[in-house]
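Here are a few exercises to work through with the model open beside you. Try each task before you read its solution.

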Amino acid sequence: MKPIYRGTTSIQINKENPQVMDFKEIFSVNMWDLDYYQTQYKILESRTLTKRVIQNLKLSEHPEFQPKPLTPFQQWKSNILKPITGLFTSSKKNAPSEKDASETQKETALVNQFLAKLKVEPIRNSRLVKVHFDSNYPELSAKVPNVLAVTYIQQSVENRF
């Protein structure tokens, strides 16, 4: 078995306080706080943020995200099924949209693989959240949470302005 390393970073999430508050808003602030923090946690796990991190670190080229070699059984199964599936796909050969769809499928698989290794853990009764990333490569598991945090901050600033 390969060892799995976990990199962790902590982020403090502060909400922007409105400058002027209505009397009714004073009582609804607590509910708004919960919604705000839940939204921020989902943003940390979002596909948009993940794609930016993948591009920044060029993770599509990293061995952690490369396809695993096929086992002898998988190769045998593929060789048997290839002529059969070829009969059904031959009528749609080389359509321009197919190439774009396959690239999108590759990107989707990469994002899904990344998200499976990511864990966002809010720290109870605080504004802190821990971001964990598990990997077989220690340098990658250390780098990803830090880059994710920086990218999250950049994205938050961009959204405000």
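A quick definition to start: a residue is buried under 20% relative accessible area, exposed over 50%, and partly exposed in between (1.4 Å probe, protein chains only). Keep in mind that this is a predicted model, where local features need pLDDT of at least 70, side-chain atom pairs count only at pLDDT 80 or more, and totals for chains, interfaces and linings use all residues. Residues are numbered from 1 along each chain as its sequence is written, and side-chain values use heavy atoms, with hydrogens and water left out.

**Exercise 1. Find the residues other than glycine with a positive phi, Asn-125 and Lys-58, and place them.**

Step 1: As background, most residues other than glycine have a negative phi.

Step 2: Go to Asn-125, which is not a glycine but has a positive phi of about 60 degrees. Asn-125 sits in the loop between S2 and S3. Its relative accessible area is 78%, so Asn-125 is exposed.

Step 3: Now try Lys-58, whose phi is also positive, near 55 degrees. You'll find Lys-58 in the loop between helix H2 (47–57) and H3. Lys-58 counts as exposed because its relative accessibility is 53%.

**Exercise 2. Work out how S2 and S3 are put together.**

Step 1: Helices (H or I, at least four residues) and strands (E, at least two) are DSSP runs, numbered from the N terminus. Two strands pair if DSSP finds at least two bridges between them.

Step 2: S2 (residues 118–122) and S3 (residues 128–135) run antiparallel and are joined by five bridges.

Step 3: Pick out Val-120, which stands opposite Val-131 in S3.

Step 4: Check the turn: the hairpin has five residues between its strands.

**Exercise 3. Describe the nonpolar patch that includes Ile-80.**

Step 1: Patch residues have over 30% relative accessible area and no salt bridge (a side-chain nitrogen of Lys or Arg within 4 Å of a carboxyl oxygen of Asp or Glu); like charges are joined within 9 Å, nonpolar side chains (Val, Leu, Ile, Met, Phe, Trp, Tyr) within 5 Å. Areas come from the Shrake-Rupley method with a 1.4 Å probe, and for residues only the protein chains shown count as cover.

Step 2: Phe-73, Trp-76 and Ile-80 make a patch of about 360 Å².

Step 3: Ile-80 belongs to helix H3 (residues 72–89). Its relative accessibility is 42%, so Ile-80 counts as partly exposed.

**Exercise 4. Sum up the fold.**

Step 1: There are five helices and three strands, in the order β-α-α-α-α-β-β-α from the N terminus.

Step 2: Of the 161 residues, 26% are buried.
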